Amino acid sequence: MAPQCKNVARNRPGIAQLYGAAVTAIVCCLGLTLAACHSEIATSPEVHLPEGIVTHDDGRLPIEKLFAAYLGLVDRGWHLDVIAESQPAGTAAPLPIIALRSPRPGTAVWILSGIHGEEPAGPNAIAAAVEDLAGLGERMPVVLVPLSNPQGYVRNWRYLNTPEYSETIEGESVGDSSHLLPESEDSGMPRAAAASSPEADALTRYLVRLAESYPPRYSIDLHEDDYIAEGYVYSQSELGVNDHFAIEAIKVLGENGIPIKLAGQTRFGEDIVGGIIGPVNDSSIDELIEARKIVLDGRIQAGPAARTVLVFETPAKDVELAQRTAAHVALLRRLAALIASEPGSTPPP
Ligand SMILES: [Zn+2]
């Protein structure tokens with residue numbers, strides 16, 4: 001999130017692979033392999049994690065356990081999509097970027113996490129809150145991209161090409177959307193000529209394509225920040241600091257022991273009102289989800305235009321991972337309950 005996510009364009013090929021299918025997952029005892037036992041359409045995804053992956057050890061769950069938790073949703077009838085196989089330079093074997101979506105399409109809640117690999121609380125919280133998300137999926141369509149940067153997660157690398165933010169090396173973020181966002185309000189030109197990485201190409205293409213059948217009304221993106229002692233939330237839609245979901249979310253984080261910066265500015269100089277920052281232009285995937293106009297295939301098209309877009313930045317400094325994860329779980333549960341109670345969701349049975 002925020003200015004450190006910006007990327008320059010690099011002309012690299014895309015590897016987007018989108019599968020749509022319902023599968024039954026079989027988790028093997030060695031590593032983790034999924035076999036597709038039945039499918040609604042011709043192509044069934046297979047997700048393979050190579051054996052012997054060593055996940056960065058700071059208390060975060062090994063990637064095999066994360067995947068096992070996420071793929072429990074397949075047993076609840078959710079669809080599994082393999083967005084890309086990520087294998088940036090210096091990595092030994094590809095790791096899949098997956099999405100899971102609830103069986104019923106329609107106006108949806110999108111939940112993203114793990115864009116930055118050194119921020120484990122979100123991906124771990126989603127694993128812990130799978131049952132709650134399954135419940136939400138019975139009330140309203142949900143699209144979940146729980147571990148957007150799996151190589152970053154196992155290596156504790158923020159970006160695909162470099163471990164951390166640097167003034168001299170342009171970090172390649174998997175969420176970079178500069179190639180689809182217009183230069184200015186009326187411009188037909190994107191901010192970058194091409195996606196900055198195959199992963200960003202695949203993830204953004206997936207979003208734009210799936211937004212046709214699961215258009216995002218709400219978007220939640222879980223981040224952390226090593227450099228802050230007090231958290232805040234970006235509210236990217238036009239509702240800005242007045243979005244009641246953002247206001248409620250700040251309360252939940254505070255109740256769960258997360259210090260909140262209620263006023264002043266972020267470390268990037270953005271104004272904070274009640275723990276909330278209004279829309280920013282940072283070429284992130286969150287800006288793409290909120291965008292009313294995008295530039296696709298050389299022309300302006302309608303964007304996803306989500307109504308509520310929340311990007312959480314909770315402090316990793318001086319707060320143990322277990323507490324950070326617990327706070328993200330509480331946040332997911334409260335937002336799921338609030339969204340489920342909104343007009344337009346299905347009443348409980
Ligand atoms: Zn982040």
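**Entry 1: a residue to begin with**

In which strand is I276 found? I looked it up in this predicted model, and I276 belongs to strand β11, which spans residues 276–277. Next I asked myself whether I276 is buried or exposed. I count 23 other C-beta atoms within 10 Å of I276, and 20 or more is the cut-off for burial, so I276 is buried. I then checked who touches I276, leaving aside neighbours within four places in sequence: the contacts are Y232, V233, S235, V241, A246 and I250. I250 sits 26 residues from I276 in sequence, yet the two C-alpha atoms are 7.9 Å apart in space.

**Entry 2: stepping back to the whole protein**

I wanted an overview before going on. The protein has 8 helices and 14 strands. It runs to 349 residues, and 50% of them count as buried. I also looked at contacts between residues at least 6 apart in sequence, and 74% of these join residues at least 24 apart.

**Entry 3: helix α3 and its buried face**

Which residues of helix α3 are buried? I noted V130, L133, L136, G137 and R139, in a helix that covers residues 130–139. Looking down the axis of α3, I find these buried residues within an arc of 165°, so they line one face of the helix. I then asked what covers them. The cover includes α1 (63–70), β5 (108–113), α2 (121–128), β6 (142–145) and α8 (321–340).

I followed up on α8 from that list. The axes of α3 and α8 come within 10 Å and cross at roughly 10°. The two helices are therefore roughly parallel to each other. On the α3 side the contact is made by D132, L133, L136 and R139, and on the α8 side by L332, R333, A336, I339 and A340. Sorted by class, the residues of this contact are 6 nonpolar, no polar and 3 charged.

**Entry 4: α1, another helix from that cover**

I turned to α1 and found I63, L66, F67 and Y70 buried. Their arc around the axis is only 95°, which puts them on the same side of α1.

**Entry 5: helix α2 against α8**

How many of the 8 residues of α2 are buried? I count 7, so α2 is largely enclosed by the rest of the structure. The buried ones are A121, G122, P123, N124, A125, I126 and A127.

How do α2 and α8 cross, and at what angle? Their axes come within 8 Å and cross at roughly 55°. That makes α2 oblique to α8. I noted the crossing as right-handed. In the contact, A121, G122, N124, A125 and A128 of α2 meet L321, R324, T325, H328, V329 and L332 of α8. By class I get 6 nonpolar, 4 polar and 1 charged residues here.

**Entry 6: helix α6 against α8**

I came back to α8 once more, this time with α6, which spans residues 244–255. These two pack at an angle of about 145°, with their axes 9 Å apart. Their crossing is right-handed. From α6, the residues F245, E248, A249, V252 and L253 meet A327, A330, L331, R334, L335 and L338 of α8. The classes in this contact are 9 nonpolar, no polar and 2 charged. A link back to my first entry: A246 and I250, both among the contacts of I276, have numbers that fall in the 244–255 range of α6.

**Entry 7: two loop residues**

Where is P190? I found P190 in the loop between α4 (150–155) and α5 (198–210). P190 is buried because 22 other C-beta atoms lie within 10 Å, and 20 are enough. Not counting residues up to four places away in sequence, P190 touches S178, H179, L180, L181, P182, E183 and V295. The C-alpha atoms of P190 and S178 are separated by 6.7 Å, with their positions 12 residues apart along the chain.

My last stop was Q87, in the loop between β3 (79–86) and β4 (95–101). Q87 has 16 other C-beta atoms within 10 Å and is partly exposed. With neighbours within four places in sequence left aside, I list A93 and P94 as contacts of Q87. I also noted E199, which is 112 residues from Q87 in sequence and 8.9 Å from Q87 in space, C-alpha to C-alpha.

Definitions and conventions. Residues are numbered from 1 along each chain as its sequence is written. This is a predicted model: local features need pLDDT of at least 70, side-chain atom pairs count only at pLDDT 80 or more; totals for chains, interfaces and linings use all residues. Helices (H or I, at least four residues) and strands (E, at least two) are DSSP runs, numbered from the N terminus. A residue is buried if 20 or more other C-beta atoms lie within 10 Å of its own, exposed if 12 or fewer, and partly exposed in between; C-beta atoms are placed from the backbone. Two residues are in contact if their C-beta atoms, placed from the backbone, lie within 7 Å. The arc is that of the directions from the helix axis to the C-beta atoms. Axes are lines fitted to C-alpha atoms, for helices over the stretch in contact, and angles run from 0 to 180 degrees between N-to-C directions. Angles under 35 degrees count as roughly parallel, over 145 as roughly antiparallel, 65 to 115 as roughly perpendicular and the rest as oblique. Ala, Val, Leu, Ile, Met, Phe, Trp, Tyr, Cys and Pro count as nonpolar, Asp, Glu, Lys and Arg as charged, and the others, Gly among them, as polar. A crossing is left-handed if the near helix is turned anticlockwise from the far one by less than a right angle, and right-handed if clockwise.
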